[in-house]
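This report introduces a structure to a reader who has not met it before. Take a look at the sequence and the model, then read on.

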Amino acid sequence: MKFAHMADCHIGSWRDPKLKDISTEAFIRAVDKCTHEKVDFILIAGDLFNTSLPRIDNLKAVVSKFRELKENNIPVYIIPGSHDYSPSGRTMLDVLEEAGLFVNVVKGEVVNEKLRLKFTVDVKTGAKITGILGKRGGLEKGYYESLETGHLEKEKGYKIFMFHSGIDELKPKDMANIISQPISLLPKGFDYYAGGHVHIVEDRQIEGYGLIAYPGPLFPNSFSELEKLERGGFYIVEDGKAKWEPIQVYNTHKIVLDCTNKSAEQVLEELNNSVKGREFINTIILIRLYGTLASGKPTDIDFRELFSVLQDKGAYFVMKNTNALNTKEFEEIKVDMKSVEDVEERLIREHLGQIKAGIEDETHAVKELMNILLQERPEGMTKPDYEKKIKEEASRILEIDIS
Amino acid sequence: MIKGQVISGEFGKILVRQKENANLELGELLVADAGGSKILMQVFDLLYGSQISQQNLELIAGYSLEDDTDFEFMDPKLRNYMLANVKSIAVIKNGKAAVSKQMPAFFSPIMEVTKEDLSFLTKPKNPLFIGNLRSGSKEMDVPIFLEGKEVMSHHILVAGTTGRGKSVLISNILWSAAKEDYCGILVLDPHDEYYGRNNFRLKDHPNREKIAYYTPSNAPPGARSLKINLELLRPQHFEGVVDFSDAQRQALHLYYKEYGEKWIEAIILEKKLSIENAFRQESIVVVKRRLLYLLDLDFSNNALSCNGVFDLKAGESTVADIARELENGKIVIVDTSNFSGAVELLIGSLITTEVFNKYRHYKMNGKLDGKPVISVVLEEAPRVLGKEVLEAGHNIFSTIAREGRKFKVGLVAITQLPSLIPRQILANMNTKIILGIEMKPERQAIIESASQDLSDDDRNIASLDKGEALVTSNFAKFALPVKIPLFDEFARKDLKPDAAVRKGFGGVKLG
């Protein structure tokens with residue numbers, strides 16, 4: 001048995017005109033590789049698309065590749081991810097499944113209020129596949145907590161579990177703040193756990209479970225991901241061994257410069273020197289500047305000329321990141337924006353005292369309010385009931401009657 | 001109900017004649033009217049009183065014992081009686097209590113305390129349930145809550161002999177705290193008894209999302225398997241935990257300085273330091289052997305492998321995750337039942353250092369106010385707070401004991417042997433929950449460092465039965481006698497039948 005495991009293709013994620021087709025291109029190359037490798041089937045563990053309703057131009061190329069796979073008798077099994085799942089049910093995944101281009105394996109029944117998943121059997125290999133979708137804010141955790149695991153664990157044969165969630169025990173240090181769940185919520189005894197959602201390349205044999213793998217995205221989705229991963233890829237699994245196949249759409253070149261006690265002119269000069277005598281054909285250049293400038297502001301660094309030089313040297317695209325670049329003039333307001341929580345905290349603190357509700361602990365109240373507003377409407381709850389619940393919660397937090 | 005009458009004494013030692021059949025007990029609470037206020041008093045000693053001389057009493061007893069004569073007294077209730085030494089502990093006026101500075105009038109009737117008398121014992125804003133008020137051995141329907149935020153940050157000492165109810169008390173405290181948002185509690189659980197894998201405990205809490213459980217083996221669904229990445233360890237985490245010699249300790253620090261996060265690996269692989277001959281080779285070999293044993297590592301064919309909780313690959317975010325959970329007001333229970341004491345303390349040291357440093361950072365940046373208090377529950381506290389250990393140097397736990405309250409980080413130190421903890425640290429534990437202690441030196445250590453004057457309470461403490469406690473705190477008006485309810489009885493009251501909510505599974509094709 002030989003199969004491919006992809007995840008987090010995020011087709012349509014980049015918005016810049018030069019990069020908007022890059023994830024589609026990565027997907028095309030990955031599918032070509034699968035066809036060439038003659039895999040028996042392909043797994044996509046969530047976030048094929050960056051939104052539930054992707055742009056038509058992205059869709060066209062993707063549909064064409066799915067048709068090609070179908071013609072080559074390579075079935076595709078997917079689960080929706082936090083980006084392409086829609087609580088309203090309006091998702092392109094349903095349309096493509098209806099057209100017979102792939103199979104969504106998240107299916108089952110509710111028995112005694114527990115979720116009993118059903119297996120999808122791959123006809124060619126007999127592999128039994130099931131899984132749980134990903135939802136925003138890690139809300140799929142509730143599905144795992146209600147999951148009946150006994151029958152899944154007893155099932156005989158080669159079993160694959162697809163999931164789109166972070167796993168506490170496998171999270172790297174720099175992702176400590178992402179929402180995740182303990183591995184103990186996954187059903188035990190599967191041969192392969194095809195993961196998605198966390199953009200890391202990791203495969204690990206875990207006692208009591210099996211091989212748990214995250215292939216990372218097919219193409220990195222942000223500046224920092226490009227810096228860290230440089231390229232995307234996916235796994236080809238054969239005889240129980242997973243081999244990561246890189247997808248190199250463009251080369252990457254990183255320039256990291258400490259600007260402490262340098263002027264804008266000096267920074268520019270050092271950047272120019274660092275690229276002298278080099279070619280950057282088909283390369284995405286990543287420039288990260290950090291430190292505190294001797295004088296002036298980060299905006300005083302005129303990148304236009306440098307960008308033009310790099311393009312002349314064949315660079316496909318140049319990106320810069322000056323988040324960690326400070327200026328002495330404004331040092332007192334520099335903010336350590338490591339995570340969304342940090343940014344939220346800062347914004348809350350900046351706007352404290354503007355509510356006239358006389359709340360004792362305003363920071364706590366705002367955070368609690370944000371959490372309430374994050375809650376999705378539970379299935380089975382009517383809209384008026386949901387609105388009433390939110391209003392009641394908000395009334396309690398703000399200590400005013402808004403019901 | 002009248003229990004007796006004041007007949008003599010002095011402030012702090014008032015003599016009361018007991019009314020016939022009033023059955024005064026040690027520790028019993030009484031009240032006496034004092035103009036517009038009431039004086040709350042407590043019995044601390046009981047003795048006999050008689051109008052008949054000792055010689056005659058002995059003679060009467062002789063008649064009864066030797067001649068089987070049924071000797072009758074005239075007015076026996078008036079002639080022989082019980083006396084009680086009581087001390088006034090608070091003055092109650094207009095529903096508020098203050099420290100007592102007066103005595104009840106001569107011949108004042110002494111009454112049994114009622115729930116109404118104690119209406120000043122209200123539930124604070126951030127309640128921490130300790131138990132129900134106890135008058136002697138009688139449990140009253142008056143729950144005792146302390147101001148949890150203050151109490152937690154100013155450390156709690158729980159002292160008592162085995163079997164006196166320490167675990168039940170801690171279970172109740174954790175259950176009570178999980179209902180509130182003001183604190184996060186780290187529990188190093190050497191008996192794996194608080195989460196309740198197989199019995200009713202914290203996992204059954206109605207706010208179960210506030211309970212996080214880490215265990216090294218066979219994690220039940222929803223719990224996390226405990227893995228800690230080797231690279232998270234630092235030399236200071238071993239301080240007070242492992243008894244390294246000065247040379248060995250210096251070696252740890254030098255290796256860390258030179259090899260950063262890979263310092264343990266470097267020691268195991270016997271990599272060279274840039275400072276030549278800094279240590280004798282034998283020292284490094286000893287350090288290597290001790291680390292291999294302590295961290296349960298294997299070194300063969302020039303490759304390092306991990307068998308236990310410490311791992312080369314997994315567990316990179318474990319400590320940060322725990323710190324974040326605590327910061328979010330969760331109760332984090334770490335099952336350390338499979339570890340040696342040193343490994344348990346090493347893990348505790350690692351997590352506690354992270355939390356403490358984080359909160360210090362928050363304080364510097366003015367962010368501490370909105371954060372919950374974090375408390376660390378530590379069994380057999382003298383292992384890290386004992387005099388002998390501290391003579392060898394400070395560790396993170398003693399640092400927290402000394403200055404944690406400034407940063408909203410506190411300890412719940414549990415021990416049978418409080419006398420092993422230095423007086424200075426005992427004095428910093430501003431709340432002490434005293435359960436039955438038989439050994440006098442242990443009682444003495446507590447009495448000498450209590451927040452209230454307990455100099456007359458030695459007998460009272462010695463007579464504490466299972467589940468009975470005396471709580472002395474800077475945040476209480478007087479030393480509170482309490483009865484700790486059984487966990488099941490206390491916790492099951494909070495359980496509500498599951499509302500019939502239809503669970504939705506959107507995105508799953510049902511059928």
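Helices (H or I, at least four residues) and strands (E, at least two) are DSSP runs, numbered from the N terminus. By that numbering, Phe107(B) lies in the loop between strand 6 and strand 7 (109-112) of chain B.

The model is predicted: local features need pLDDT of at least 70, side-chain atom pairs count only at pLDDT 80 or more, and totals for chains, interfaces and linings use all residues. Residues are numbered from 1 along each chain as its sequence is written, chains are lettered from A and ligands numbered from 1 in the order in which they are written, and side-chain values use heavy atoms, with hydrogens and water left out.

**Chain B overall**

Chain B has 16 helices and 24 strands. Its C-alpha trace spans about 95 × 70 × 50 Å along the principal axes. Of the 511 residues in chain B, 53% are buried. Buried means under 20% relative accessible area, exposed over 50%, and partly exposed in between (1.4 Å probe, protein chains only). Contact means heavy atoms within 4.5 Å. Among contacts in chain B with a separation of 6 or more, 71% join residues 24 or more positions apart.

**Positive phi in chain B**

Most residues other than glycine have a negative phi. The residues tabled here take positive values.

| Residue | Phi | Place |
|---|---|---|
| Asp68(B) | about 55 degrees | just after helix 1 of chain B |
| Asn94(B) | about 50 degrees | loop between strand 5 (80-93) and strand 6 (96-98) of chain B |
| Phe107(B) | near 60 degrees | loop between strand 6 and strand 7 (109-112) of chain B |

Is Asn94(B) buried or exposed? Asn94(B) is exposed, at a relative accessible area of 72%.

**Two helix pairs**

Two packed helices are described by the angle between their axes and the distance between the axes. Axes are lines fitted to C-alpha atoms, for helices over the stretch in contact, and angles run from 0 to 180 degrees between N-to-C directions. Angles under 35 degrees count as roughly parallel, over 145 as roughly antiparallel, 65 to 115 as roughly perpendicular and the rest as oblique.

In chain A, helix 10 (residues 362-374) packs on helix 11 (residues 383-398) at about 175 degrees, with axes 10 Å apart. These two helices of chain A are therefore roughly antiparallel. Their contact has 8 nonpolar, no polar and 3 charged residues. Ala, Val, Leu, Ile, Met, Phe, Trp, Tyr, Cys and Pro count as nonpolar, Asp, Glu, Lys and Arg as charged, and the others, Gly among them, as polar.

In chain B, helix 9 (residues 341-364) and helix 12 (residues 396-403) pack at about 45 degrees, with axes 9 Å apart. These two helices of chain B are therefore oblique to each other. By class, their contact has 5 nonpolar, 5 polar and 1 charged residues.

**A loop residue in chain A**

Val39(A) sits in the loop between helix 1 (22-37) and strand 2 (41-45) of chain A. At 3% relative accessibility, Val39(A) is buried. Beyond its neighbours within four places in sequence, Val39(A) contacts residues including Phe3(A), Cys34(A) and Ile236(A).

**Where the chains meet**

How many residues of chain A are in contact with chain B? There are 38, against 34 residues of chain B. The two chains bury about 3,000 Å² between them, 47% of it on carbon and sulfur atoms. Glu169(A), Lys173(A) and Glu379(A) supply 19% of the area that chain A buries against chain B, more than any other three residues. Buried area is the accessible area (1.4 Å probe) that two parts lose on being put together, summed over both.
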